[in-house]
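Q: Hey, can you walk me through a structure? I'd like to start with the aromatic rings and then see what comes up.

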Amino acid sequence: MLRPASLVLVLLFSGPAFAEPPGAPVRAGEVERKDDVRQGRRFVGSVRPLRHTKLGAGVDGFVQELKVREGQRVEQDAVIAQLELDVLEPQLEAARAELERIDHVVAELENGTRQELINEAKERLAEAQVDVRSAERKLATANRLKKSNAIPAEEVREAEDAVRGAEATVRRLEAALSFLESGNREEKIQQAKAQRKTQLAEIARLEALETRHTITAPFAGYVIEEHTEAGAWLSRGDPVITLEALDTVRIRFPVLEDYVHALAPGADVAVQLGSLPDRIFHGTIERIVPTADPTARTVPVDVTVANERTPHGGVLLKPGMFAQTRLPVGAPRSALVVPLDALVLGGRSPIVFVIGEDGKVAPVPV
């Protein structure tokens, strides 16, 4: 058994020694003695995904295309499925065209009356003023002729009516010119702008519906299950796929309530899987769930472990796998410690390779 703290260990650079081919690069490290080592106790648990979600349809519609399959990895924001947009696209196009028309109306009102219209109104007013002076001259002539009884009184009254009519036309044209020169009323401009805001809201509503017709991945992960196919009708909320994040997995260990006080988030732990007995995985205590099972008197402790990709694009650690660990829950004591990578598993008991005083390397069970 390993005893002196001054012995030097042989460590492989990349993982457990049993997995390395002959001639793999190595480095040495010293055995250390620490006075705050806690005795470990064995706990078992199951692998879980770091995130799990069942993606659903945001609107009613036919599935135009399902772009992913079970087992496939997808990146965040990748398109999962597309619903048909045959009805929505014409509505959105018409709404945008109406917004363009309203924009032109607002611009016209803000720019005021065109100068050509003002000039035309001034010319009509000038012509009406000429008509007034002509009618006044005719009335003066009629009054002179009336004094000599050269024309009947009826003609004088007709000349007076002509003057009043011409003057009324001048007043109407002056009011029209004043209206054109003053521009559009502010109330009318604000009404047009309010119509523009209403139309923008309608376009935003239609665009939101358009976005909901495209179902995207909220995070990077693996498609665990398909719930629909192309051509199927989906109602709002119907499931499309089940997605799980597996680049990092969470392993939940039920820990007896007597021991959980000795643990803290952030502590490093070693994890083994029943299906991979010769591998040790580095994990970190993510959280201690603040609740206890009233029957078993255990508290859930979640440990996160970085997953590994397989050559075929899958992952090594899969949800549901059996896992075990030794958590440091005992009383502190003095002990010899070695780096985790120095341990060689797979035999009857773990061993480390030790460099002796003669410089030779020998295996030592621990």
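**Rings, strands and a glutamine**

A: Sure, let's start with Phe62, which is partly exposed because its relative accessible area is 40%; buried means under 20%, exposed over 50% and partly exposed in between, using a 1.4 Å probe and protein chains only. Keep in mind that this is a predicted model, where local features need pLDDT of at least 70, side-chain atom pairs count only at pLDDT 80 or more, and totals for chains, interfaces and linings use all residues. Residues are numbered from 1 along each chain as its sequence is written, and side-chain values use heavy atoms, with hydrogens and water left out.

Q: Which ring does Phe62 form an aromatic pair with?

A: With Trp233: the centres are 4.9 Å apart, the planes make 70 degrees, and the pair is edge-to-face. Rings of Phe, Tyr and Trp (its six-membered ring) pair if their centres lie within 6.5 Å; planes under 30 degrees apart are stacked, over 60 edge-to-face, and the rest tilted.

Q: Where do Phe62 and Trp233 lie?

A: Phe62 is in strand 4 (residues 61–66) and Trp233 is in strand 9 (residues 233–234), so the pair ties together parts 171 residues apart in sequence. Strands are DSSP runs of E, at least two residues long, numbered from the N terminus.

Q: And Trp233, buried or partly exposed?

A: Trp233 counts as partly exposed, at 46% relative accessibility.

Q: In what sense do strand 4 and strand 9 pair?

A: Antiparallel, over two bridges; strands pair if DSSP finds at least two bridges between them. Gly61 has Leu234 in strand 9 as its bridge partner.

Q: OK, new topic: how many bridges join strand 4 and strand 6?

A: Three, and that pairing is antiparallel too, with strand 6 covering residues 79–83. Opposite Glu65 you'll find Gln82 of strand 6.

Q: Is Gln82 buried or exposed?

A: Buried, because its relative accessible area is 15%.

Q: What does the Gln82 side chain make a polar contact with?

A: The side chain of Thr214, at 2.8 Å. A polar contact is a pair of N or O atoms within 3.5 Å; within protein, one must be able to donate a hydrogen and the other to accept it, and residues adjacent in sequence count only if both atoms are side-chain atoms.

Q: Which residues is Gln82 in contact with, leaving aside neighbours within four places in sequence?

A: Phe62, Val63, Gln64, Glu65, His213 and Thr214, where contact means heavy atoms within 4.5 Å.

Definitions and conventions. Helix = DSSP H or I, 4+ residues; strand = E, 2+ residues; numbered from the N terminus.
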